[in-house]
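Open your viewer, switch to a cartoon view and keep the selection tool at hand. We will go from stop to stop, picking residues and looking at what surrounds them.

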Amino acid sequence: MKKISVLLAVTALASVMATSAWSKTLVYCSESSPEGFDPGIYTGGNTFDASSRTVYSRLVEFKHGSTEIEPGLAESWTVSPDGKEYTFKLRKGVKFQTTDFFTPTRELTADDVIFSFERQLKEDSPWAKYVAGGSYEYAEGMGFPKLIKSIEKVDDLTVKFVLNHPEAPFLADLAMDFGSILSKEYADKLAADGKKEQMNQQPLGTGPFTFVAYQPDAVIRYKANETYFKGKEKIDDLVFAITPDASVRAQKLKSGECNIMPYPNAADIKDLKADPNLKVLEQAGLNVSYLAYNTLVAPFDKVEVRKAINMAVNKQAIVDAVFQGSGTVATNPIPPTMWSYNKDVKDDAYSPDEAKKLLEKAGVKDLSMKIWAMPVSRPYMLNARRAAELMQADLAKIGVKVEIVTYDWAQYLKLSSAKDRDGAAILGWTGDNGDPDNFLDTLLGCDAVGGNNRAQWCNKEFDDLVKKAKQTADIKERTKLYEQAQVVFKREAPWMTIDHSEEFIPMTKNVTGYFQDPVGVHRFDGVDIAE
């Protein structure tokens, strides 16, 4: 079966390359299959690459290579003096993509914006649970249902968001992937035909590329959107060649089978840099990797146990083994390149002897636990299995038995968010908007329990600090609050913070216009291939 699957994948990619011989084609060797194509119901970066950053657009966007906001589908906006009303003026004449499966009859209006958000906010929306087991994890985890009082249609090209309280990062939040704007007309047609699930299988938006076809675990095909409101892209065809193994991705890049690859093995970077046909972009990642304890399940409901595990693991050894000089040990849940990082917080010292004492103090003996290891490479954790093995060996030294478990990536993300999950899970995060709120509240706030908050940790002192911070306009006051929140986090230890990494993007030298993105997504709008 495996041989047949591999043959089909190779044949599919060869077919794509052959049919695109007379057009300009860019092949991206992606690291894994997307969970789906609706960015509202997922949080994985690989899914965003394949959906929100290709097919869709948002009201506001991040400028290439930065977290600075620029107009998107909204050409302008105003904010009320009290910070509770945001009014967006939409661009006139924005067209939704025409595909083999749907032909739009109208242009973008306020109705599409309202539909795209209200489905994520209202429990009684007919689109609230349209994918089995799916939920609007991002919107819920960021507190949007509580934040947004109403979304009002002023006229066809004007929409107003009314908030229950001021929200400092609100504009930046709208530029995030879950803020992608879908076609209400397409949604209505799918609902009428009893085919709602197709929204997650055959996406249709206003973005730079139009979805063509997907062969699971093999190839995703897109073509340039002829009616894109910013103008047709320079490349005609975009291909995602799904290649989970980092070494194989590197081989494909060197042989010319793909133009860009993400997340190379640390051991391969030197060789990739030395290849005269390649170039390697690099920058400090806006990221963190962590081991999330389930603080709702004994014995990890005890801070002494969590601290003991933290102190038993030699994190520097993990960083050295996995990143080979391209990562640093993490202390806080936000990266040191982010504003409000609290440099005065001290990490849990590596001390197996102290770890044993803490377990004794907690009355825990003969502890057995599971460590979940991600099956894919991510910028913040290139080899979770290797990291888990090193943790396993360190914990054995203090008498803790560890079983390493994993699942395919989609299942891993789904199951790791369960409130009754056993053990501790290796995960990580690349900031989506450059704001500390996107780490501290999104990953550790009470609203995110059962979702992005994989530690299932709801601490009132911490939550009050981060909620107050994002409702405060003054940047100095926000900084103080976030610094205090980091102190609480470190004291309570819902995570073992593991690392912050540098990020490398190797590509062929003829690729132009590609920007390394601080929020970790891979964008192909504006990218070209030199003749």
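Start by selecting Phe161: setting aside neighbours within four places in sequence, its contacts are Leu59, Lys84, Glu85, Tyr86, Phe88, Val113, Phe117, Ile148, Ser150, Ile151 and Phe170. Keep in mind along the way that this is a predicted model.

Now widen the view to the largest nonpolar core, which has 145 residues. Phe161 is one of the residues that touch the most other members, along with Leu59, Phe144, Tyr222, Leu395, Ile426 and Phe524. Apart from this core lies another one, of 15 residues; Met261, Ile269, Val280 and Phe504 are among them.

**Two acidic residues inside**

Next, pick Glu185, in helix α7 (residues 184-192). Which side chain of opposite charge is nearest to Glu185? It is Arg106, 4.7 Å away, and Glu185 has no salt bridge although it is buried. A salt bridge here needs the nitrogen within 4 Å of the carboxyl oxygen. Show the surroundings of Glu185 and, leaving out neighbours within four places in sequence, you will find Phe102, Pro104, Thr105, Arg106 and Asp112 in contact.

Move on to Asp499 in strand β17 (residues 495-508). Is Asp499 buried or exposed? Its relative accessible area is 0%, so Asp499 is buried. Not counting residues up to four places away in sequence, Asp499 touches Asn287, Val288, Ser289, Val319, Phe323, Thr328, Val329, Ala330, Tyr380 and Met381. For a sense of scale, draw a distance from Asp499 to Thr25: their C-alpha atoms are 36 Å apart, and 474 residues separate them in sequence.

**Salt bridges**

The whole structure holds 40 salt bridges. Select Asp528 and Lys24 to see one of them, with N to O at 3.0 Å. Asp528 sits in strand β19 (residues 528-529) and Lys24 in the loop between α1 (2-19) and β1 (25-28), so this pair ties together parts 504 residues apart in sequence. Asp528 has 15% relative accessibility and therefore counts as buried.

Then try Asp271 and Lys254, whose side chains meet in a salt bridge of 3.5 Å, N to O. Asp271 belongs to helix α9 (residues 269-274) and Lys254 to helix α8 (residues 246-255), 17 residues apart. Both ends are partly exposed: Asp271 has 44% relative accessibility, and Lys254 has a relative accessible area of 37%.

Now select Lys470 and Asp437, a salt bridge with its closest N and O atoms 4.0 Å apart. Because Lys470 lies in helix α16 and Asp437 in helix α15, the pair ties together parts 33 residues apart in sequence. Lys470 and Asp437 are both buried. Add Lys146, Glu167, Asp441, Asp447, Asp463 and Lys467 to the selection, and you have the network that these residues form with Lys470 and Asp437 through salt bridges that share partners.

**Helix α16 and the disulfide**

Stay with α16, where the buried residues are Phe462, Asp463, Leu465, Val466, Lys467, Ala469 and Lys470. These buried residues pack against α15 and α17 (475-492). At the N-terminal end of α16, Asn459 acts as a cap, with a side-chain oxygen 3.1 Å from the backbone nitrogen of Glu461.

For the last stop, select Cys446 and Cys458, which a disulfide joins with S to S at 2.0 Å. Both cysteines are in the loop between α15 (437-444) and α16 (460-470), 12 residues apart. The torsion about their S-S bond is about 95°, so the disulfide is right-handed.

Conventions:
Residues are numbered from 1 along each chain as its sequence is written. This is a predicted model: local features need pLDDT of at least 70, side-chain atom pairs count only at pLDDT 80 or more; totals for chains, interfaces and linings use all residues. Side-chain values use heavy atoms; hydrogens and water are left out. A disulfide is a pair of cysteine sulfur atoms within 2.5 Å. Helices (H or I, at least four residues) and strands (E, at least two) are DSSP runs, numbered from the N terminus. A nonpolar core is a set of buried Ala, Val, Leu, Ile, Met, Phe, Trp, Tyr and Cys residues joined through side-chain atoms within 4.5 Å. Buried means under 20% relative accessible area, exposed over 50%, partly exposed in between (1.4 Å probe, protein chains only). Contact means heavy atoms within 4.5 Å. A polar contact is a pair of N or O atoms within 3.5 Å; within protein, one must be able to donate a hydrogen and the other to accept it, and residues adjacent in sequence count only if both atoms are side-chain atoms. Lys and Arg count as positive and Asp and Glu as negative; His and the chain ends are not counted.
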